[in-house]
Amino acid sequence: NSSDLSPSSFILASIPGMEAAHVWMAVLLCSVYLLAVTGNCAVVFIVKTEPSLHTPMYFFLCMLATIDLALSTSTVPRVLSFYWFNTREISFGACLVQMFLIHTLSAIESTVLLAMAVDRYVAICHPLRHAAILTNATTVKIGLAAMARGVVFFLPLPLLLLPLPFCGSRLLSHSFCLHQDVMNLACANTTPSVVYGLTAILLVMGLDAILICLSYVLILKAVLRLASWKERLKAFSTCVAHICVVLAFYVPLIGLSVVHRFGKDLAPLVHIIMGNVYILVPAVAHPIIYGVRTKVIQRRILNLIHIYNP
């Protein structure tokens, strides 16, 4: 049957036995999503309107907020329609587009986090050259390079899946489409897709993680050469927010990868929770982290609250 070989749709995962709680789950998910949208929009608005934040570090933060908005918006509305209206099917084409957006945006976010680590390294280890090395024009070029890198590395993923036959189950493990999840449903040799997917992950997220760690090793060496503990703490405190943001991105990513690799026998609830954590936790955590660590952002947020709630 040709329709079996080229599925018109996949079925999004549901938690068995919890169908009656879908409305409450949707309310919770919607609340977290609105918090992520509000926080990231506030960051973009504040950076745009506050001249003192027109520096590479905060331009990168603005990019990060935009990516988080795009990533959560590419998945959460579809998940909400599933919980509210029980529309569990997603078309094959829409699934591939969603998969491409998730992986590409994640790759772009990883590259921006690496650029932020380099910014911290230059600011601490070569402070006199910081303004000359990381200009606003350079920041824009890095942002464009991050986009190109994500598209080039992850566009082949849906293209490799497009010709594969799907003659078995169409049930996904998550409430949205991920490459490995869709690939596991194919009833053909998926070795090229497996090899390319693993290579792309290692050359983007894996390499970025190594370079971020290397930059912090160099930063730590430079900080320890400072004369007093007070100077050391002051210098390293400028990196705390970025370290927290990196952890908020990579810990859910690693957790989701471990679940995919070793969690075939785990309950469906674990897969669904880890997938939602991967999509939503960075988007919610990033504006909160920088809001707490940046006094200018704190002050502008309080001013906005006062304006709208006099």
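Colleague: How far apart are the end C-alpha atoms of residues 269-292?

Modeller: This is a predicted model, so local features need pLDDT (the predictor's confidence in each residue, from 0 to 100) of at least 70, side-chain atom pairs count only at pLDDT 80 or more, and totals for chains, interfaces and linings use all residues. Residues are numbered from 1 along each chain as its sequence is written, and side-chain values use heavy atoms, with hydrogens and water left out. An unreviewed UniProt entry lists residues 269-292 among its "transmembrane region" spans; its annotations may be inferred rather than shown by experiment. The span is 100% helix and 0% strand (DSSP runs: helices are H or I, at least four residues; strands are E, at least two; numbered from the N terminus), and its end C-alpha atoms lie apart by 32 Å.

Colleague: Which helix has the lowest confidence?

Modeller: The protein averages a pLDDT of 87, and 94% of the residues score at least 70. Confidence is highest in helix H7 (residues 136-154), at 95. The lowest mean is 48, and it belongs to helix H1.

Colleague: What share of residues 39-290 is helix?

Modeller: The unreviewed UniProt entry annotates this span as "domain: G-protein coupled receptors family 1 profile". Its end C-alpha atoms lie 10 Å apart. Strand makes up 1% of the span, and helix 78%.

Colleague: How many salt bridges does a search of the whole structure find?

Modeller: Side chains of opposite charge can pair when their charged atoms come close. Here a salt bridge needs a side-chain nitrogen of Lys or Arg within 4 Å of a carboxyl oxygen of Asp or Glu. One joins Asp 119 and Arg 120 at 2.8 Å, N to O. For the whole structure, the number found is two.

Colleague: Is Arg 120 buried or exposed?

Modeller: Buried means under 20% relative accessible area, exposed over 50%, and partly exposed in between (1.4 Å probe, protein chains only). Its partner Asp 119 is at 0%, so Asp 119 is buried. Arg 120 is at 12%, so Arg 120 counts as buried.

Colleague: Which residue forms a salt bridge with Asp 208?

Modeller: The distance is 2.9 Å, N to O. Asp 208 lies in helix H10 (residues 191-224) and its partner in helix H7, so the pair ties together parts 59 residues apart in sequence. Both residues are buried. The partner is Arg 149.

Colleague: What separates the C-alpha atoms of Leu 114 and Asp 208?

Modeller: Leu 114 lies in helix H5 (residues 92-125) and counts as buried at 15% relative accessibility. Leaving aside neighbours within four places in sequence, Leu 114 is in contact (heavy atoms within 4.5 Å) with Asp 208, Leu 211 and Ile 212. Leu 114 and Asp 208 are 94 residues apart along the chain, yet their C-alpha atoms are separated by 5.9 Å.

Colleague: Which helix gives the most to the nonpolar surface patch?

Modeller: The patch is Val 23, Trp 24, Val 27, Trp 84 and Phe 85, with about 590 Å² of accessible area together. Patches take residues with over 30% relative accessible area and no salt bridge, joining like charges within 9 Å and nonpolar side chains (Val, Leu, Ile, Met, Phe, Trp, Tyr) within 5 Å; areas use the Shrake-Rupley method with a 1.4 Å probe, and for residues only the protein chains shown count as cover. Trp 24, at 66% relative accessibility, counts as exposed. Helix H4 (76-85) supplies at least two residues, but the most, three, come from helix H2.
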